[in-house]
Amino acid sequence: QDAGTGQFRFLSNDYVFFNAGGNENIARFIENGATELYFDNSKKFETTSTGVKSEGTDHTFGSGTDNSGRKGNRQRLAILGDATNGSMLHIRGGSPAIYFDQSGGNFSKIYQDNVNLAFHAGFPTSEGINILTLDDNGNVQIPNDNAKLELGAGADLQLFHDGTDSFITNRNGNLFIKCQEF
């Protein structure tokens, strides 16, 4: 116990801190080398010459938890904002997905199943609405009736299907259809 003022110095080129029983590593500091942190005698965090290395399946940076309030057991990287701004980025394994969340409201997700890449929009309490899919054959799909494919800076050309009929709308200039034979 130090009751005075001033510095408390350790002089060594390799510091190792153990638990009270002397049988588990807690931390290690190596001169001109790594800083290692342990949990239950298992190294979880280490500095390297190029940055940091983290072991385990839950890598959360920032304040808070994931968008559903759970830590979960999937492999993931989460970069979290604060309670006011709430901006979050989640990259998780299992069914690979990248989540973007703004202030706990609407979110966007880029999701890959075994063959397709899908873009979702919705609320963090659900899987959202699949707004666009790129399939393994190179097709672009808008899998919702009444959702429009809008092209041009002013969305001048629109293609959509209402569940029964299909529509092509040209809102500016002429519409030309070119083909070999008609």
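**Exercise 1. The aromatic cluster**

Determine which residues are linked into a cluster by ring pairs, and how the rings of Phe-10 and Tyr-15 are arranged.

*Solution.* Ring pairs link Phe-10, Tyr-15, Phe-17 and Phe-29 into a cluster. Rings of Phe, Tyr and Trp (its six-membered ring) pair if their centres lie within 6.5 Å; planes under 30 degrees apart count as stacked, over 60 as edge-to-face and the rest as tilted. The structure is a predicted model, in which local features need pLDDT of at least 70 and side-chain atom pairs count only at pLDDT 80 or more, while totals for chains, interfaces and linings use all residues. Residues are numbered from 1 along each chain as its sequence is written, and side-chain values use heavy atoms, with hydrogens and water left out.

The structure holds four aromatic pairs. For Phe-10 and Tyr-15, the ring centres are 6.2 Å apart and the planes stand at 80 degrees, so this pair is edge-to-face. Phe-10 also forms an edge-to-face pair with Phe-17, at 6.3 Å centre to centre and 80 degrees between the planes.

Accessibility is the next step: buried means under 20% relative accessible area, exposed over 50%, and partly exposed in between (1.4 Å probe, protein chains only). Phe-10 is partly exposed at 46%, Tyr-15 is partly exposed at 24%, and Phe-17 is partly exposed at 36%.

**Exercise 2. Two acidic residues**

State whether Glu-46 is buried or exposed, and do likewise for Asp-135; then identify their polar contacts.

*Solution.* Glu-46 is found in strand E4 (residues 42–48); strands are DSSP runs (E, at least two residues), numbered from the N terminus. Its relative accessible area is 13%, so Glu-46 is buried. The side chains of Glu-46 and Lys-43 are joined by a polar contact of 3.0 Å (a pair of N or O atoms within 3.5 Å; within protein, one must be able to donate a hydrogen and the other to accept it, and residues adjacent in sequence count only if both atoms are side-chain atoms).

Asp-135 is found in the loop between strand E12 (129–134) and strand E13 (140–141). With a relative accessibility of 13%, Asp-135 also counts as buried. The side chain of Asp-135 reaches the backbone nitrogen of Asn-139 at 2.8 Å.

**Exercise 3. A charge over a ring**

Identify which residue lies over the face of Phe-160.

*Solution.* Lys-148 lies over this face, at 5.2 Å from the ring centre. The criterion is NZ of Lys or CZ of Arg within 6 Å of the ring centre and within 35 degrees of the ring normal.

Key
Helix = DSSP H or I, 4+ residues; strand = E, 2+ residues; numbered from the N terminus.
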